[in-house]
Structure formats: C-alpha cells, structure tokens
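Work through the exercises below with the model open beside you, and try each task before reading its solution.

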Amino acid sequence: MSPFTGSATRTPDWRHLRLAVDEGVATVTLARPDKLNALTFGAYADLRDLLAELSRDKSVRALVLGGEGRGFCSGGDVDEIIGATLAMDTSQLLDFNRMTGQVVRAIRECPFPVIVAVHGVAAGAGAVLALAADFRVADPSARFSFLFTRVGLSGGDMGAAYLLPRVVGLGHATRLLMLGEPVRAPEAERIGLISELTEEGRAAEAAQALAHRLAEGPALAYAQTKALLTSELDMPLAAAIELDASTQALLMNGEDYAEFHAAFTEKRPPKWQGR
C-alpha cells in the first residue's frame, strides 16, 4: 500500500474495535466479548480502513490482532450480517463480499507483519482473519472452524480456498473447507495452521513478544519478505528468482544493509532504521 495520503485526516476513534500503539507495535482488539467478538458490517469496514491507515503510518512496524473475552472471533454475526444479507439484492451482496475480501487483502498487503493471537474459537470469518496473518500464535484452547458450507455457502470465502491450501496443503484444506469441522490446537499445530503454540492463557503475551521482536528488526527487509511471499505464490520459478534479484539489489543500496556491515565490523548490535 502506498504511504501517500490525500487530504483526509487520520481517524481519531474506531467504533468497532480497540486500537493501541506502543513502541512501533499496533494492538487491535475485537471487543464484543458478549458476542464472542462476532463481526458486524462496521467491524469489517473498520478493519479494512484501519489497516490502510496504518500502512501509511511509518511508525507502525508490527501489528497484533486479538479478541477480548472467551475467544478470538466467532465469525460474522448471525443476526446483524446473515439475517441482514437475506434482505439484500445481488449488487449489495457483491459489495459486502468484496468488502470482506478487502480486509484479507489488507492483511496480506500491509507492509508490516501481522500476528494473530488466538484463544478459544476462531470460526468462519474469524478463522480466515487468522489464516491471512503472517503468524498465528495460539494457546491450547484454540479451535479453528471454517464454517461456510455449514450455512449453505462456498467454503472458499474471503480467499480461504486460495490461502488455506498454501498453508496446510490441498488435502487438509479440502477437508477443513468442505466439512467445516473444528480443528483443535494440537492438530492445527501439526498441519501448520499454528505458527506457535503457547501455554494456556499465554497467546496474547507471546504474540506481543513476537511483535516487539519484529518491530525492533529491519522493517524494510521484513516488508519486502512479506511482499515476495505473497507475490511469488503464483509465479514460475524463473520470474520469482528475477524478482528476488531485483529486490535484493534495491535493499543492498539501503541503509540497513550498510548498517549491518558497520555493526559487524564494530562488534555491536545493528541499529535498524527501516531504510
């Protein structure tokens, strides 16, 4: 996403989520604990717009997404979304479904790592939000459910049919998207759906530790690594190697590359600038 912005001012308050920024780490919390953080139209829109704003804000170098209360996110609100969509025409439904996909694109395309802290349920759209992140840190209570077929819709919602096979393989992805059965933490770790499995109740803490570690590192190198991981998913090897070469040539002209050499020579830790 481009760092250039127009005349619109930064959003001072987000109605459908909670945001805090500390030492380069943005913490975004889904805060409807009484509804297991079920998503509403407003929550989707806030996530889409917030990620775009933070992508233009050079002070943010990592983001943690979590949920308040007993679970991470139970998916779309049954009354406020499923009930409401029954009254929409095709044009309105297309606008809504494109918006949910824009949230996933924003997670994949933002220039900083996104870590999702999962405890309890991550179902439906909540499971896809976790899937789209760069890291999924979960505790033993975590369970992932891709529930779309269970409400009569395609399992390939919000890019799930694109992303999930690339994370866990086609066989596991077919099972998870077709059947919609819950995947508990031990199996999720075994098939690669979880990046880090923590002790009970420690997912948020571990996600913060990882985010601060990333925020202290070479931000531009991380941003380019994330961009290449996404871009090269559908590239032939020759094109991927050429893109790698061009990217490395640009980074080798950067300040961080020179700083590493200076730090190595002077036997001190590098002072990364993200440039």
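**Exercise 1: two helices that cross**

In this predicted model, the crossing of H1 and H3 is left-handed. Find which residues of H1 and H3 make the contact, and sort them by class.

Solution. Begin with the axes: those of helix H1 (residues 41-56) and helix H3 (residues 90-109) come within 9 Å and cross at roughly 35°. Next, look for heavy atoms of the two helices within 4.5 Å of each other. On the H1 side this gives Phe41, Tyr44, Ala45, Leu47, Arg48 and Leu51, while H3 contributes Phe96, Met99, Thr100, Gln102, Val103, Ala106 and Ile107. Finally, sorting by class yields ten nonpolar, two polar and one charged residues.

**Exercise 2: the order of a sheet**

Determine the strand order of the open sheet of six strands, and identify its edge strands.

Solution. Following the pairings across the sheet, one reads the order S1-S2-S3-S4-S6-S9, and the pairing is mixed. The edges are strand S1 (18-22) and strand S9 (196-197), since each of these pairs on one side only. To examine the S9 end, note that strand S6 (residues 135-138) and S9 pair in the parallel sense over two bridges, and that Val137 has Glu196 of S9 as its bridge partner.

**Exercise 3: a covered helix**

Decide how many residues of helix H4 (residues 125-132) are buried.

Solution. Apply the cut-off of under 20% relative accessible area to each residue in turn. Ala125, Gly126, Ala127, Val128, Leu129, Ala130, Leu131 and Ala132 are buried, which gives eight of the eight residues of H4.

Key
Residues are numbered from 1 along each chain as its sequence is written. This is a predicted model: local features need pLDDT of at least 70, side-chain atom pairs count only at pLDDT 80 or more; totals for chains, interfaces and linings use all residues. Side-chain values use heavy atoms; hydrogens and water are left out. Axes are lines fitted to C-alpha atoms, for helices over the stretch in contact, and angles run from 0 to 180 degrees between N-to-C directions. Helices (H or I, at least four residues) and strands (E, at least two) are DSSP runs, numbered from the N terminus. A crossing is left-handed if the near helix is turned anticlockwise from the far one by less than a right angle, and right-handed if clockwise. Ala, Val, Leu, Ile, Met, Phe, Trp, Tyr, Cys and Pro count as nonpolar, Asp, Glu, Lys and Arg as charged, and the others, Gly among them, as polar. Two strands pair if DSSP finds at least two bridges between them. Buried means under 20% relative accessible area, exposed over 50%, partly exposed in between (1.4 Å probe, protein chains only).
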